[in-house]
Amino acid sequence: MKLHEYQAKQIFSQYGIAIPRGRVASTASEAKSVAQELGGRVVVKSQVLVGGRGKAGGIRLANTPSEAEEVATQILAMQVKGLPVRKVLVDEAATIVEEIYLGVTNDRGARSPVMIASSEGGIEIEEVARIMPERLFRITIEPLLGLREYQARYLAASIELRRELWREFVGIAQGLYTAYTESDATLAEINPLVITGDGRLIALDAKMVVDDNALFRHAELAEMRDFDEEAPPEREARKYGLSYVKLDGDIGCMVNGAGLAMATMDVIKLFGGEPANFLDIGGGAGADKVAAALGIILSDSNVQAVLFNIFGGITRCDEVARGILMALKEVSTDVPMVVRLTGTNEAEGQRILAEADMLTAGSLSEAAQTAVSLANERHSV
Ligand code: GDP
Ligand code: MN
């Protein structure tokens with residue numbers, strides 16, 4: 001789950017990281033009164049869950065409260081990279097002397113968190129990695145020891161930070177790492193961390209992604225979820241307890257079990273196809289869950305064929321078959337489908353599908369090959 005900038009800033013601030021004074025607003029007049037409270041120049045920032053808002057025109061400076069109102073009106077009416085803006089953060093404007101990048105994420109290869117720093121803040125870190133990788137410094141953090149002070153100092157030295165700011169930088173790095181671990185985050189990033197005109201370090205932007213699977217133990221973070229920002233298929237999937245990840249291919253997959261879902265995707269690729277999604281309906285899924293899952297798959301307009309691969313254990317094949325038919329009654333579609341059902345109540349499931357003239361396959365290879373050719377046929381017409 002991605003957090004908004006204003007939410008991540010609040011969290012960072014609880015860990016001792018300096019942030020600009022400011023508050024979130026949902027209307028232009030509210031933005032005006034925040035600007036009045038703050039006094040002086042402010043920056044009005046669109047709160048959308050995407051980076052690069054600055055370049056997209058979603059961040060504007062305002063000299064007076066009425067200018068803040070005007071700018072907020074414009075920002076609240078715009079879309080930033082296709083996302084409608086529903087809130088703006090009004091912050092005291094900072095004078096920027098230098099922009100630094102500081103972030104923590106997981107390095108799966110190293111099986112450890114990694115902290116990354118760069119003197120090239122203010123641009124996306126992927127961009128820095130591409131055009132000037134020598135300006136990017138990383139340290140691997142031993143999870144049992146945490147971030148050591150010398151490691152943070154190494155980063156400060158690497159980005160050639162002025163000596164008198166090292167102590168402050170080390171505090172920020174430790175605060176960021178603690179915020180990251182205590183929130184079960186997969187990303188905590190300050191870009192830019194700026195040196196202000198009066199020589200202080202403050203987090204001008206904040207980004208945080210929290211592991212969905214850890215939200216059960218973070219009620220206060222779970223409450224921060226912005227339902228308006230969630231794509232409808234993801235929202236629907238969460239409602240029904242389905243694990244759904246949209247991908248770029250054209251073959252929709254409905255599978256029970258994460259391992260089987262991975263295997264199914266592999267076999268689709270083996271036969272030259274591209275999966276449109278990962279979808280695990282889980283064990284014991286009833287007809288309604290199957291119907292919801294099919295609705296989610298078909299809501300993706302890239303999908304040219306659907307492959308069901310169900311291994312009936314606690315999930316019964318006849319339930320799944322009924323779910324498919326139920327779903328097809330609700331969503332009218334001309335997307336071709338192939339079903340591979342095996343296991344508990346297989347015969348009954350097959351009978352139900354045969355009666356409804358559904359295409360079935362005896363093995364996973366056969367099902368995947370069929371799905372690939374069905375999708376290709378649709379592309380060629
Ligand atoms: P992003 O584009 O979505 O990453 O949004 P940021 O919050 O990082 O803002 C983008 C850029 O806007 C920053 O790198 C700064 O250059 C500029 N910016 C943001 N806040 C201020 C501010 O208070 N004062 C000034 N002068 N520039 C700002
Ligand atoms: Mn930024």
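# A tour from an exposed loop to the ligand sites

Select R111, which counts as exposed at 75% relative accessibility. The model on screen is a predicted one. R111 sits in the loop between β8 (96-107) and β9 (112-118). Display its backbone torsions: phi of R111 is positive, about 55°, although the residue is not a glycine. Most residues other than glycine have a negative phi.

Go next to E160, in the loop between α5 (149-158) and α6 (166-182). Here too phi is positive, near 60°, in a residue other than glycine. E160 counts as exposed, with a relative accessibility of 70%.

**Ligand 1 and its shell**

Now select ligand 1 and show the residues around it. The shell holds 17 residues, and the closest are K45, R53, G54, A94 and E99. Coloured by class, the shell divides into 8 nonpolar, 5 polar and 4 charged residues.

Three distances may be drawn from oxygen atoms of the ligand. One runs to an N or O atom in the side chain of K45, at 2.6 Å. Another runs to an N or O atom in the side chain of R53, at 2.7 Å. The third ends on a backbone N or O atom of G54, at 2.9 Å. The protein covers 80% of the 560 Å² of accessible area that ligand 1 has on its own. Four elements give two or more residues each to this shell: β3 (42-46), β4 (59-62), β8 and β11.

**K45**

Keep ligand 1 visible and centre on K45, which belongs to strand β3. Is K45 buried or exposed? K45 is buried, because its relative accessible area is 6% and the limit for that class is under 20%.

Besides the ligand oxygen at 2.6 Å, the K45 side chain has polar partners within the protein. The side chain of E5 makes a polar contact with that of K45 at 2.6 Å. The backbone oxygen of L204 is 2.9 Å from a polar atom of the K45 side chain. With neighbours within four places in sequence left aside, the residues in contact with K45 include R53, K87, L204 and D205.

**The manganese ion**

From K45, follow its contact to D205 and select ligand 2, the manganese ion. Which residues coordinate the manganese ion? They are N191, through O, and D205, through OD, at 2.1 to 2.3 Å. N191 lies in strand β11 (residues 185-196), whereas D205 is in the loop between β12 (201-203) and β13 (207-210), so the pair ties together parts that are 14 residues apart in sequence. Both N191 and D205 are buried.

Stay at N191 and inspect the peptide bond that follows. The bond joining N191 and P192 is cis, with omega about 10°. Most peptide bonds are trans. P192 is likewise in strand β11, an element already met in the shell around ligand 1.

**D226**

For the last stop, return to K87, one of the residues in contact with K45, and move on to D226, which touches K87 and H4 when residues up to four places away in sequence are not counted. D226 is found in the loop between α7 (219-222) and α8 (232-239). D226 is buried, with a relative accessible area of 15%. Finally, draw the distance from the side chain of D226 to the backbone nitrogen of D228, which is 3.1 Å.

Methods
Residues numbered from 1 in each chain as written. Chains lettered and ligands numbered in written order. Heavy atoms only, no water. Donors = N, O, S within 2.8 Å, 3.2 Å for Na, K, Ca; no water. Buried < 20%, exposed > 50% of the residue type's maximum accessible area, 1.4 Å probe, protein only. Polar contact = N/O pair within 3.5 Å; in protein donor to acceptor, adjacent residues only side chain to side chain. Contact = heavy atoms within 4.5 Å. Near = heavy atom within 4 Å. Areas by Shrake-Rupley, 256 points an atom, 1.4 Å probe, with all protein chains shown as cover. Nonpolar A, V, L, I, M, F, W, Y, C, P; charged D, E, K, R; others polar.
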